[in-house]
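Thanks for coming, everyone. I have one structure to walk you through today. Have a look at the screen first.

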Number of protein chains: 2
Amino acid sequence: MNVYEYLLSFQIKPSVQRIAIMDYLLKHKTHPCIDEIYLALCKDIPTLSKTTVYNTFKLFIEHGAARMLTIDERNACFDGDLSAHAHFQCKVCGKITDIPIKQEETEMENLQGKGFSIEEVHHYYKGICPECLEKNNNN
Amino acid sequence: MNVYEYLLSFQIKPSVQRIAIMDYLLKHKTHPCIDEIYLALCKDIPTLSKTTVYNTFKLFIEHGAARMLTIDERNACFDGDLSAHAHFQCKVCGKITDIPIKQEETEMENLQGKGFSIEEVHHYYKGICPECLEKNNNN
DNA sequence: AATAAAATTGTAACAATTACAAATATAAAA
DNA sequence: TTTTATATTTGTAATTGTTACAATTTTATT
């Protein structure tokens with residue numbers, strides 16, 4: 001399925017900008033922030049506005065086609081991977097890594113049993129990644 | 001142990017402002033943002049500056065005496081409860097609720113086994129709380 | 001081809017946070 | 001106690017991420 005159809009499957013009307021943004025999101029698993037997307041796509045779409053990037057992500061999230069990560073206090077990051085997974089952000093290099101989780105149903109069921117309606121699960125770890133630890137040891 | 005000694009136990013030199021802020025944090029489990037603290041303490045400390053509240057939280061976090069929650073995209077929230085627990089934020093009323101978790105050691109051990117050094121665990125849920133669901137049903 | 005609706009754009013406004021220098025308070029030394 | 005040095009607090013200004021909004025452009029409809 002191409003990006004055009006992928007957007008349609010979320011009831012999102014495709015446009016040049018929306019396709020480009022979703023395409024970037026699906027091809028780059030870097031959990032990009034607004035600026036990363038904006039700067040990357042400016043080359044291809046010189047008229048692109050940062051407001052459009054904001055608007056588009058708002059739309060994607062409303063339609064369930066992307067998720068917003070608040071793991072980085074400075075910037076909102078976006079994730080096109082809709083599967084259940086956790087994230088790890090390195091405090092040194094800032095890189096965000098995907099972490100597989102076995103969805104702990106028990107905890108969610110517990111919440112639901114208490115009358116909470118769960119719409120989002122965010123699971124973050126912070127610390128230092130192996131690469132940065134390694135570099136540090138060599139100094 | 002009083003707040004004065006509590007701060008000292010984190011190697012934080014107590015001051016009128018620092019004691020007041022930590023005292024508020026320990027007595028109010030509302031996960032307050034900067035403004036909530038600032039407005040609440042202004043009554044007692046009329047000269048209080050918002051910059052001091054920012055500085056103080058930065059200090060608390062550096063010394064491990066508080067944690068910052070990024071669960072709310074709008075504002076950073078603070079938590080003085082250092083025990084392992086998750087959070088739930090209601091998308092309607094915005095209230096943040098503490099959720100007990102049985103620390104899933106397996107997942108952390110797994111990460112550590114891969115060479116990650118874990119310093120923080122954040123575990124957020126979002127949805128609608130029982131109170132707001134109830135209100136909605138009555139409309 | 002004309003019209004209406006939707007999407008994009010750029011600017012300005014806004015709000016949270018930080019930088020910074022001046023003022024105040026605290027601690028140490030004389 | 002007085003002086004001096006250090007740490008803390010304060011207020012303002014600057015910065016940054018985000019949103020509001022009106023004008024423009026694009027797309028769809030008649």
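A:Lys91 and B:Glu119 form a salt bridge, with their closest N and O atoms 3.1 Å apart. A word of care: this is a predicted model.

Where do the two partners sit? A:Lys91 is in the loop between β3 (85-90) and β4 (96-100) of chain A, and B:Glu119 is in strand β5 (residues 117-128) of chain B, so the pair joins two chains.

Are these residues buried or exposed? A:Lys91 counts as partly exposed, at 42% relative accessibility. B:Glu119 counts as partly exposed too, at 43%.

A:Lys91 has another partner. The lysine also forms a salt bridge with B:Glu120, and here the closest N and O atoms are 2.6 Å apart. This pair again crosses between chains, from the loop between β3 and β4 of chain A to strand β5 of chain B. B:Glu120 is partly exposed, with a relative accessible area of 26%. Put the three together: A:Lys91, B:Glu119 and B:Glu120 are linked in a network of salt bridges.

Now swap the chain letters. A:Glu119 and B:Lys91 meet through their side chains in a salt bridge, 3.1 Å from N to O. That pair crosses between chains as well, from A:Glu119 in strand β5 (residues 117-128) of chain A to B:Lys91 in the loop between β3 (85-90) and β4 (96-100) of chain B. A:Glu119 counts as partly exposed, at 43% relative accessibility. B:Lys91 is partly exposed, with a relative accessible area of 42%. How many salt bridges does the structure hold over all chains? The count is 10.

Next, the sheet. We have just met some of its strands. It is an open sheet of 6 strands, with mixed pairing. Read across, the order is β4(A)-β3(A)-β5(A)-β5(B)-β3(B)-β4(B). Which strands stand at the edges? β4 of chain A and β4 of chain B do, each with a single partner strand, so one side of each is left without a neighbour in the sheet. From one strand to the next, the twist averages 30°.

Let's go through some pairings. Start where the chains meet. β5(A) and β5(B) pair in the antiparallel sense, over 11 bridges. One example: A:Tyr124 has B:His122 in β5(B) as its bridge partner. Step outward in chain A. β3(A) and β5(A) pair in the parallel sense, over 4 bridges. There, A:Gln89 has A:Lys126 in β5(A) as its bridge partner. Then chain B. β3(B) and β5(B) run parallel, joined by 4 bridges. B:His87 has B:Tyr124 in β5(B) as its bridge partner.

One general point on strands. Side chains in a regular strand alternate between the two faces of the sheet.

On to the DNA. Take strand C. How many residues surround DNA strand C? There are 15, and the closest are A:Ser15, A:Gln17, A:Thr47, A:Thr52 and B:Tyr54. Of the atoms of DNA strand C that come within 4 Å of the protein, sugar and phosphate account for 76%.

Here are some contacts. A polar side-chain atom of B:Tyr54 lies 2.7 Å from a phosphate oxygen of DNA strand C. For A:Thr47, a polar side-chain atom lies 2.9 Å from a phosphate oxygen. A:Gln17 has a side-chain N or O atom 3.0 Å from a sugar or linking oxygen.

Which elements build this surface? α2 (16-27) and α4 of chain A, together with α4 of chain B, each supply at least two residues. The largest share, 3 residues, comes from α4(A). By class, the surface near DNA strand C has 3 nonpolar, 9 polar and 3 charged residues.

Now strand D. Again, 15 residues surround the strand, and the closest are A:Tyr54, B:Ser15, B:Gln17, B:Thr47 and B:Thr52. Of the atoms of DNA strand D within 4 Å of the protein, 77% belong to sugar or phosphate, and the rest to bases.

A:Tyr54 has a side-chain N or O atom 2.8 Å from a phosphate oxygen of DNA strand D. B:Thr52 has a polar side-chain atom 2.8 Å from a phosphate oxygen. With B:Gln17, the partner is a sugar or linking oxygen, 3.0 Å from a side-chain N or O atom.

Here α4(B) gives the largest share of the surface, 3 residues. The classes near DNA strand D are 3 nonpolar, 9 polar and 3 charged.

That's my tour. Questions are welcome.

Terms used
Residues are numbered from 1 along each chain as its sequence is written. Chains are lettered from A and ligands numbered from 1 in the order in which they are written. This is a predicted model: local features need pLDDT of at least 70, side-chain atom pairs count only at pLDDT 80 or more; totals for chains, interfaces and linings use all residues. Side-chain values use heavy atoms; hydrogens and water are left out. A residue is near a molecule or strand if one of its heavy atoms lies within 4 Å of it. A polar contact is a pair of N or O atoms within 3.5 Å; within protein, one must be able to donate a hydrogen and the other to accept it, and residues adjacent in sequence count only if both atoms are side-chain atoms. Ala, Val, Leu, Ile, Met, Phe, Trp, Tyr, Cys and Pro count as nonpolar, Asp, Glu, Lys and Arg as charged, and the others, Gly among them, as polar. A salt bridge is a side-chain nitrogen of Lys or Arg within 4 Å of a carboxyl oxygen of Asp or Glu. Buried means under 20% relative accessible area, exposed over 50%, partly exposed in between (1.4 Å probe, protein chains only). Two strands pair if DSSP finds at least two bridges between them. Axes are lines fitted to C-alpha atoms, for helices over the stretch in contact, and angles run from 0 to 180 degrees between N-to-C directions.
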